[in-house]
Amino acid sequence: MSDDKIESILEETRRFPPNADYAKGSYVKSIDEYKAIYEESIADPPAFWANLATNLEWFSPWDTVFEWDRDEARFSWFKGGKLNACYNCLDRHVNSPRRNKAAIIWQGEREDAMKVYTYQQLLSEVERFANVLKSKGVGKGDRVSIYLPMIPELAISLLACARIGAIHSVVFAGFSSEALYNRIEDCDSKILITSDGTYRAGKTIDLKGKADEALEKSKSVTSVIMVNNTGSEVSMTAGRDFWWHEEVENADLTCPCEEMDAEDTLFILYTSGSTGKPKGVVHTTGGYLLFTMETFKNVFDYKEEDVFWCTADLGWITGHSYILYGPLAAGATSVMFEGVPTYPKPDRYWHIVEKFRVNTFYTAPTAIRSMMRLGDEWPNGRDLSSLKVLGSVGEPINPEAWMWYYNVIGHGNCAILDTWWQTETGGHMITPLPGATTLKPGSATFPYFGIEPKIIKNENEECAANEGGFLCIDKPWPGLGRTLWGDHERYKTTYWNNIKGKYFSGDGARRDEEGYIWLLGRVDDVISVAGHRIGAAEVESALVSHTDVTEAAVVPVPHDIKGEAIYAFVTLREGLEGDDDLRKALVKHVRHEVGPIATPGAIQFTDMMPKTRSGKIMRRILRKIASGDTPESLGDTSTLADPEVIDLLIANRVKQ
Ligand code: WTA
């Protein structure tokens, strides 16, 4: 990891105290109350979490609340306790007055495509589909890969897996066949659930073709279950491919829940790391469910009659935790939207808020910035008065976008929750609480209960106020991923060996003199494009796998809408000249290897890379060159093997 990114220049003095009337009705009503609960949670985390764990329904109680082998980076929460995540998300509400409450309101891309699932209806669908999975030989502990667009079957698939104790691994439908193949192979999935295609801004995009390409190489998948979504022509492999609608038609309506240990794996979700192949983050049944349910209730201050909408895709952790598991465990009504923010018109999000009278809206800064650009007339043309709380996640929200969100969307009445967390952390870690926290635009403010952030420099020294450092968390909490699928060693070295005894997040941060935490971006080679984590190494290896390329280095550059974009330096095989055609071919190649989200915004051909004498590419320098910095600002270049390369690189800089 490098620390050259940890510099903080932001000076933000605006403050927004919670609305006093709102605070009266919220769970945590003042900063003093927050502090009191926080102190208690930190003084004895196991006692704190054990008390809350009674908000879940257990088939039998746990043996130990918390165990931790620090050296091995192994820990457990509620071990020996038996429960089922699907039971907690559905059955227990069906046995309560929530039975006929809307669990999921699904809005398709087409305005007239809409489905509402009550808790009872969703349970029936899940039970039937769980029986289909069983009929294909899926049992407890088996892995199921899911490659679906944002359609109800996606939510149903996850819950059905949870019901029978199968481990789901959702692969974002925007990923390429190669990325899908890698993720299937890594966890040895038995089953793939996919569909013929997906809709995107009025167009139909093929999915089955990509799935077939991945399956050509895969040895583990024995059955494919296909949702008939777009009605496109697809080829079906006899004996392997089955239609969802035909299978469920013949399935039994009831399916018992598997009793799972709190520490049994609920799911795997792949995320990019700074090196090598994607990491399969492993989340557990008890700790994850408890953490997402509690953060959901308290952070969004969810009330029984509220309509909650998280715009993320279920293919990412935000969707897992705050479209599905957190809201449903809490008995909430969760909106699920298939489409994009600007189709058919730039006010699509606001239209949906108006239509369903959404109370809590949770999105990403990149979406906020792109809608801000389209003009205030779009949100102004819709009735947004139902909104009470607005959330943001995925990347730092710049104060300008924050203010727009606050004034134009929230009309100055809604708290803005800038929630910092990660795939690995399972749920919210640093976040305001709407009735308690005085907000500062651009700051994620304070830690959630039970979470102890430390900002560290020089191995293990805590930073002073306003000093930038590595954001770490002391001690494991229930929602933290337990390991990386099949690679505990990598888990140890990535998260626990950098700063002794602390979870290392890979982000930089500073704490101001009032204790507010400000995130400073990644300190490793992970690029955040529109809030999605993309490992520089993944894009580089995709580039180098092209026959014309010998070496590639990929760095982030600032981007107005996406936060960061990808800038690639590429060295070609001896004798080849780079031109626009080759650029296009490389872009196409990366899109095929990784997926459209990893598309390089700019490719600069260079015969040489800036390297240390030991042959390591100096990304720090490339990052600055790509961002258009002056030669003087490049810092120390004396360790370069060949300092002349710098002038050449600056002279040949390309526009995004
Ligand atoms: C970044 C998404 C600043 C951060 C839930 C983190 C943020 C990575 C924020 C995790 C925020 C997320 N402010 N940065 N509020 N939220 N990040 O795993 O760099 O897709 O490490 O999880 O996104 O991305 P991931």
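User: Two strands pair if DSSP finds at least two bridges between them. How many bridges join β23 to strand β25?

Analyst: This is a predicted model: local features need pLDDT of at least 70, side-chain atom pairs count only at pLDDT 80 or more, and totals for chains, interfaces and linings use all residues. Helices (H or I, at least four residues) and strands (E, at least two) are DSSP runs, numbered from the N terminus. Ile473 in β23 stands opposite Tyr503 in β25. β23 and β25 (residues 502–511) run antiparallel, and the bridges that join them number 5.

User: How many helices and strands does the protein chain have?

Analyst: Residues are numbered from 1 along each chain as its sequence is written, while side-chain values use heavy atoms, with hydrogens and water left out. The chain has 20 helices and 31 strands.

User: What is the radius of gyration of the protein chain?

Analyst: The radius is taken over C-alpha atoms, and the globule rule is 2.2 Å times the number of residues to the power 0.38. For 656 residues that rule gives 26 Å. The chain comes close to this, so it is as compact as a globular protein of that length, with a radius of gyration of 24 Å.

User: What share of the residues in the protein chain is buried?

Analyst: Buried means under 20% relative accessible area, exposed over 50%, and partly exposed in between (1.4 Å probe, protein chains only). Of the 656 residues, the buried share is 62%.

User: Among contacts between residues at least 6 apart in sequence, what percentage join residues at least 24 apart?

Analyst: Contact means heavy atoms within 4.5 Å. Among the contacts in question, the part that joins residues at least 24 apart is 72%.

User: Which strands stand at the edges of the open sheet of 5 strands?

Analyst: The order is β22-β21-β23-β25-β26, and the pairing is antiparallel. Each edge strand has a single partner strand, so one side of each is left without a neighbour in the sheet. The edge strands are β22 (461–462) and β26 (517–522).

User: Which residue in β22 stands opposite Lys457?

Analyst: β21 (residues 452–457) pairs with β22 in the antiparallel sense over 2 bridges. Opposite Lys457 stands Glu461.

User: In β23, which residue is the bridge partner of Lys454?

Analyst: β21 and β23 pair in the antiparallel sense over 5 bridges. β23 (residues 469–474) has 6 of its 6 residues buried, so it is largely enclosed by the rest of the structure. The partner of Lys454 is Cys472.

User: Which strand runs parallel to β14?

Analyst: β14 (residues 265–271) is mostly covered, with 7 of its 7 residues buried. It is joined to β15 (residues 279–284) by 6 bridges in the antiparallel sense, and there Ile268 has Val282 as its bridge partner. On the parallel side there are 2 bridges, and His168 stands opposite Phe267. The parallel strand, at residues 167–170, is β7.

User: How many of the 11 residues of helix α15 are buried?

Analyst: The helix covers residues 399–409 and is largely enclosed by the rest of the structure. Its cover includes α12 (348–356), α13 (365–374) and β20 (415–419). Among the buried residues are Trp402, Trp404 and Tyr405. The number buried is 9.

User: Which residue just after α15 takes a positive phi?

Analyst: Most residues other than glycine have a negative phi, and most peptide bonds are trans. Here phi is about 50°. The residue is His411.

User: What is the relative accessible area of Ala73?

Analyst: Ala73 lies in the loop between β1 (64–69) and β2 (74–79). Its phi is positive, near 50°. Ala73 is buried, with a relative accessible area of 1%.

User: Is Asn466 buried or partly exposed?

Analyst: Asn466 is in the loop between β22 and β23. Its phi is positive, about 70°, although it is not a glycine. With a relative accessible area of 33%, Asn466 is partly exposed.

User: Which residue is joined to Tyr343 by a cis peptide bond?

Analyst: The omega of this bond is about 0°. The partner is found in the loop between β17 (333–337) and α12. It is Pro344.

User: How far apart in space are Pro432 and Pro379, C-alpha to C-alpha?

Analyst: Pro432 lies in the loop between β20 and β21. It is buried, with a relative accessible area of 0%. Leaving aside neighbours within four places in sequence, its contacts include Val299, Ile416 and Leu439. Pro432 and Pro379 are 53 residues apart in sequence, and their distance in space is 25 Å.
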